[in-house]
2 protein chains.
Amino acid sequence: MKADKISELTTNRLSIYLRCLNELAHEGRKTVSSDRLAKRFHLNSAQIRKDLACFGEFGVRGVGYYIEDLREQIIRILGLDHHHRVGIVGAGRLGAALTDYYGFRQTNFEVAALFDADPEKIGSVVSDVKVFDVKDFSKVRKNEGIDVAVIAVPAEYAQKVLEMIVDAGVKAVMNFAPTPLLADDDVKLKTIDLTISLESLSYFLARPGKNGRE
Amino acid sequence: MKADKISELTTNRLSIYLRCLNELAHEGRKTVSSDRLAKRFHLNSAQIRKDLACFGEFGVRGVGYYIEDLREQIIRILGLDHHHRVGIVGAGRLGAALTDYYGFRQTNFEVAALFDADPEKIGSVVSDVKVFDVKDFSKVRKNEGIDVAVIAVPAEYAQKVLEMIVDAGVKAVMNFAPTPLLADDDVKLKTIDLTISLESLSYFLARPGKNGRE
DNA sequence: CGGAACTTGTTACCTTTTTCACATAATCGG
DNA sequence: CCGATTATGTGAAAAAGGTAACAAGTTCCG
Ligand SMILES: NC(=O)c1ccc[n+]([C@@H]2O[C@H](COP(=O)([O-])OP(=O)(O)OC[C@H]3O[C@@H](n4cnc5c(N)ncnc54)[C@H](O)[C@@H]3O)[C@@H](O)[C@H]2O)c1
Ligand SMILES: NC(=O)c1ccc[n+]([C@@H]2O[C@H](COP(=O)([O-])OP(=O)(O)OC[C@H]3O[C@@H](n4cnc5c(N)ncnc54)[C@H](O)[C@@H]3O)[C@@H](O)[C@H]2O)c1
């Protein structure tokens, strides 16, 4: 059916399907039906089929999906076959943890540079990655071919840092500062706001019983 | 109107409203209308009113909301007036970053203990917090009054760790391992899955133009 | 005191997302 | 080769979520 407007909920689920398929492939299975996939991983089979249908017809009626083939298709759809270079702004505790995060490499992302404003940190090396002066962001970005930025600075500086990043031409940004940021529509900005998650947990603790599955 | 089934989307937004109100209170304002709040922070005024209406009538027609009063109401609704003690399982890089995360204290959460399986880490101290043997989780939990757990171990151990945590009686868990976990309905489990966010960014980078605001 | 100016709480409407149901197509055993 | 079986892709129904519109209540000011 090849839909042209793809919801982020759909791409999030593709990411999940990919993980499930990796597990099945690892077990040596060759094919899987949407129903088996759903039962095994607690998903909905209709939703799996519908999500996939947005991008083409990958299954075979009466058989299901060829696991290896579908894995490759999803990897291609999610762009995981392209390499990306990441610049992390804020070489603090979170920046350091992220620099060494295996999930980046797994997803074909590579941390190319860290940036900080603190003179004591500039010039140091964290997990083999050099810390640059944030003032040189634009220059370093060009030299290093950085196409993804991560914001890991205190919330009050986050908006300014974002504007600098966008001015330097980066179009994809992941923000960990607990504050909503504003960017142009042609910039993909993803905020991971731990405060919201924490306060949501707190709500549940105050009102047990009224759960609501994620 | 006092709805009884509250969506997580609503509690997430309450958290955002609280931040906005904090900012306004800081500026010395006394009242605010849903319309002003919406314009200033890029929200929708009808949604603000509807979210609040789930919990009672907090506004005054013709006036708006008394900022200090509404702040206290939201703090109460989200349970942020209760203190919580957090146990972090996995004293690695992420665990260390989280131990020192200011956002916990701000939200009335306190990191009481770290847990690890690595003998070299057990007994050490990270940001004034002691690292215990994960085998002693249940005992330490009782001594320290831990009521919230954080999972920061590699994905392959996450489900086992969750089961141990739940067996020890903890009812609220935040999981950072990039894998969906299964728990009983009476346990609130919140997974922050960075891999999904990353792969969603990757999708955008592969298909610029088809953005989709968060 | 009375009408203009506001602003809430709520209902009705619209959009998005999920689930259901089934026609359609491939496989397999005999 | 055919009927039984399996499982996809999709349109229709249901559920959830978001937006708009407005009646009802409050304040302000002459
Ligand atoms: N620590 C965590 O576990 C954690 C978790 C989730 C979110 N966060 C958020 O991530 C951000 C960073 O947290 P952290 O704990 O690493 O803090 P941190 O204080 O350890 O590190 C912040 C770093 O940013 C640098 N910095 C400040 N202003 C800067 C600027 N304008 N340009 C470049 N660098 C600048 C500082 O010099 C410092 O090195 C905060 O917004 C925090 O709320 C932290
Ligand atoms: N590093 C990051 O920035 C980051 C970001 C998001 C998510 N994560 C996820 O968080 C988890 C931890 O990441 P990390 O980078 O801190 O890894 P890490 O290797 O630095 O730390 C993992 C720690 O868990 C301990 N551990 C292993 N098995 C255990 C068990 N059964 N019980 C108790 N402790 C155990 C290890 O000894 C180690 O100290 C991983 O699942 C990772 O995918 C990490």
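In the predicted model, α3(A) makes the greatest contribution to the surface near DNA strand C, supplying four residues. This helix spans residues 45-53 of chain A, and at least two residues of the surface also come from each of α1 (8-26) of chain A and α3 (45-53) of chain B. In total, 25 residues lie around DNA strand C, and those that come nearest are A:Arg61, B:Ser34, B:Arg49, B:Arg61 and B:Tyr65. Of the strand C atoms that come within 4 Å of the protein, 72% belong to sugar and phosphate. The surface comprises nine nonpolar, eight polar and eight charged residues.

Polar contacts to DNA strand C involve base, sugar or linking, and phosphate atoms. A base oxygen of the strand is 3.1 Å from a polar side-chain atom of A:Lys50. A polar side-chain atom of A:Gln47 is likewise placed 3.1 Å from a sugar or linking oxygen. From chain B, Phe58 contributes through its backbone, with an N or O atom of B:Phe58 located 3.3 Å from a phosphate oxygen of DNA strand C.

Around DNA strand D there are 27 residues, with A:Ser34, A:Arg49, A:Tyr65, B:Lys50 and B:Arg61 coming nearest. Sugar and phosphate make up 70% of the atoms of this strand that come within 4 Å of the protein. A phosphate oxygen of DNA strand D is found 2.6 Å from a polar side-chain atom of A:Ser34. The bases are approached by arginine side chains from both chains: an N or O atom in the side chain of A:Arg49 is 2.8 Å from a base nitrogen of DNA strand D, and the corresponding distance from a side-chain N or O atom of B:Arg49 to a base nitrogen is 3.3 Å. Two or more residues of the surface near DNA strand D are given by α3 of chain A and by α1 (8-26) and α3 of chain B. The largest share, four residues, is that of α3(B). By class, this surface consists of ten nonpolar, nine polar and eight charged residues.

Attention now turns to the ligands. Ligand 1 is situated between chains A and B. Its surroundings comprise 24 residues, of which A:Arg93, A:Leu94, A:Asp116, A:Lys121 and A:Val153 are the closest. Backbone atoms of chain A form several polar contacts with this ligand. A polar backbone atom of A:Val153 lies 2.7 Å from an oxygen atom of ligand 1, and a polar backbone atom of A:Leu94 is 2.9 Å from an oxygen atom of the ligand. A nitrogen atom of ligand 1 is 3.4 Å from a backbone N or O atom of A:Ala117. On its own, ligand 1 has 820 Å² of accessible area, 83% of which is covered by the protein. Elements giving two or more residues to the shell are α5 and α8 (155-167) of chain A and α5 of chain B. Of the shell around ligand 1, α8(A) supplies the largest share, three residues. The shell contains 18 nonpolar, two polar and four charged residues.

The site of ligand 2 is shared between chains, because residues from chains A and B surround the ligand. Among its 24 surrounding residues, B:Arg93, B:Leu94, B:Asp116, B:Lys121 and B:Val153 come nearest. Oxygen atoms of ligand 2 lie 2.8 Å from a backbone N or O atom of B:Leu94 and 2.8 Å from a polar side-chain atom of B:Lys121. Chain A also takes part, with a polar backbone atom of A:Leu98 placed 3.4 Å from an oxygen atom of ligand 2. The protein covers 83% of the 820 Å² of accessible area that ligand 2 has on its own. Helix α5 (93-99) of chain A, together with α5 (93-99) and α8 (155-167) of chain B, are the elements giving two or more residues to this shell. Of these, α8(B) provides the largest share, three residues. The shell around ligand 2 is made up of 18 nonpolar, two polar and four charged residues.

Chain B contains an open, mixed sheet of seven strands in the order β5-β6-β4-β3-β7-β8-β9. Its edge strands, β5 (125-126) and β9 (188-191), each pair on one side only. Strand β5(B) is joined by two bridges to the antiparallel strand β6 (residues 129-133) of chain B, with B:Val126 opposite B:Val129 in β6(B). Helix α9 (residues 194-206) of chain A lies across β3 (84-89), β4 (109-116), β7 (148-151), β8 (172-175) and β9 of chain B, and runs at about 160° to β8(B).

Definitions and conventions: Residues are numbered from 1 along each chain as its sequence is written. Chains are lettered from A and ligands numbered from 1 in the order in which they are written. This is a predicted model: local features need pLDDT of at least 70, side-chain atom pairs count only at pLDDT 80 or more; totals for chains, interfaces and linings use all residues. Side-chain values use heavy atoms; hydrogens and water are left out. A residue is near a molecule or strand if one of its heavy atoms lies within 4 Å of it. A polar contact is a pair of N or O atoms within 3.5 Å; within protein, one must be able to donate a hydrogen and the other to accept it, and residues adjacent in sequence count only if both atoms are side-chain atoms. Accessible areas come from the Shrake-Rupley method with a 1.4 Å probe; for residues, only the protein chains shown count as cover. Ala, Val, Leu, Ile, Met, Phe, Trp, Tyr, Cys and Pro count as nonpolar, Asp, Glu, Lys and Arg as charged, and the others, Gly among them, as polar. Two strands pair if DSSP finds at least two bridges between them. Contact means heavy atoms within 4.5 Å. Axes are lines fitted to C-alpha atoms, for helices over the stretch in contact, and angles run from 0 to 180 degrees between N-to-C directions.
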